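Please follow the account below with the sequence and the coordinates at hand. It turns to enclosed space, then to open pockets, and then to the contact between the chains.

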Amino acid sequence: MWSGSLDGEETIGPDDAFAAADRLALAAELDELSRAADWLEGLAARDALPERTLFKLQLSLEEALANIITYGVSALPAGEARIAVDYRQDRDMARLRISDNGPPFDPTAREEVVNPASIEEAEVGGHGIQLMRHLLDEFSYCYAGGHNRLILGSRLVPV
Amino acid sequence: MQIDREQNDTHTVIRVKGRLDTVHAKTFESYVCDTIRDVPGALVIDMSQVDYIASSGLRSLLIAGKQMKAAQRDLALSGLQPHVREVFDISGFATIFKIV
């Protein structure tokens, strides 16, 4: 476990929505996705999150982390990758914030993929961001303090 | 994830149980591609015990789908659970795959 730079470089003021969040630090390996899924399931059980909220957040967390681990922090020298996930539940929304120190990449700015008309025309890949965009109520990004910050939010009560 | 297959007179059924996620998609893909190579004829992938699929699982299904199309063989998916169905609807896979 690292206790490192994500905390150190961050100015957490009283307005920081994730100041008192639950936090999970992850190594830059795809095997860590199972641990992240289990961690979120534990928090969902503790906070009695609706099953649909858990589904949406769990799938979005996996998609976002898979992209970061495969394409993001893989650009860094071995051992320098830092990935952390914060979880916070407010009255009407459960949110995850993923922080990583890979090159700046904004998944929310990617163009919507056009669904193919046939298997022959379908291109392999590209559905992860599409799924996040459709399932989440909040999907926002910023780059601050040398880190990508991606927020995944799902309402607790459907509107 | 557990996976096995059963061959009958007209087609082969691949049964998957568990999560078709990023961690398991490669194993699933290898198994399905090996089956396509080793067993002739139509193929049904029984998804009734799959309660979760990520884009990596979609990717593996698409690779299998493309191989079957190229070989002019019939591929169908059966027993889609609600979350899997939702992911299929969003990604357009519900339209391009034969679902029974």
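The largest cavity encloses about 30 Å³ of space in this predicted model. A search of the whole structure finds one cavity of 30 Å³ or more. Rolling a probe the size of a water molecule over the atoms shows where empty space is left. Here the walls of the largest cavity are formed by A:Leu33, A:Ala36, A:Ala37, A:Gln58, A:Leu61, A:Glu62 and A:Leu65. Two helices of chain A, α2 and α3, each contribute at least two residues to this lining, and α3(A) gives the most, with four residues. In terms of class, the lining of the largest cavity comprises five nonpolar residues, one polar residue and one charged residue.

The open spaces come next. For the largest pocket, the volume is about 910 Å³. Its lining comprises 37 residues, of which A:Glu63, A:Ala66, A:Asn67, A:Thr70 and A:Tyr71 lie nearest the centre of the pocket. Which elements supply this lining? From chain A, α3, α4 and β5 (147-155) each provide at least two residues, and from chain B so do α1 (25-38) and α2 (55-70). Helix α3(A), which gives the most to the lining of the largest cavity, also gives the most to the lining of the largest pocket, with eight residues. The lining of the largest pocket divides into 15 nonpolar, 13 polar and nine charged residues.

The second largest pocket has a volume of about 170 Å³. It is lined by residues of chain A, namely A:Val113, A:Val114, A:Asn115, A:Pro116, A:Glu121, A:Ala122, A:Glu123, A:Val124, A:Gly125, A:Gly126 and A:His127. Five of these lining residues are nonpolar, four are polar and two are charged.

One residue of that second lining, A:Val124, leads on to the interface. The size of an interface is often given as the accessible area lost when the parts come together. For chain A and chain B, this buried area is about 2200 Å², with 65% of it on carbon and sulfur atoms. On the side of chain A, the residues that lose the most area to chain B are A:Phe55, A:Ile119 and A:Val124, which together account for 29% of what that side buries. Counted by residues, the contact involves 29 from chain A and 25 from chain B.

What polar and charged pairings span this interface? The rule finds 10 residue pairs in polar contact, with both residues at pLDDT 80 or more. It also finds one salt bridge across the interface of chain A and chain B. In that salt bridge B:Glu86 is paired with A:Arg52, and the closest N and O atoms are 2.8 Å apart. As for the elements involved, α2 (32-46), α3 (51-72) and α4 (127-135) of chain A each supply at least two residues of the side that touches chain B. Again α3(A) gives the most, here with eight residues. The side of chain A that touches chain B has 13 nonpolar, eight polar and eight charged residues.

The account closes with salt bridges across the whole model. Over all chains, the rule gives a count of 19 salt bridges. One of them joins A:Asp22 to A:Arg46, with the closest N and O atoms 2.9 Å apart. This pair links distant parts of the chain, as A:Asp22 belongs to strand β1 (residues 22-26) of chain A and A:Arg46 to helix α2 of chain A, the two residues being 24 residues apart.

Methods
Residues numbered from 1 in each chain as written. Chains lettered and ligands numbered in written order. Predicted model: local features only at pLDDT ≥ 70, side-chain atom pairs only at ≥ 80, totals over all residues. Heavy atoms only, no water. Contact = heavy atoms within 4.5 Å. Buried area = accessible area lost by both parts, 1.4 Å probe. Salt bridge = Lys/Arg side-chain N within 4 Å of Asp/Glu carboxyl O. Polar contact = N/O pair within 3.5 Å; in protein donor to acceptor, adjacent residues only side chain to side chain. Nonpolar A, V, L, I, M, F, W, Y, C, P; charged D, E, K, R; others polar. 1 Å grid on protein atoms, 1.4 Å probe; cavity = no way out; pocket = protein on both sides within 12 Å on 5 of 7 lines; lining within 4 Å. Points joined across faces, edges and corners; volume = space filled by probe spheres on them.
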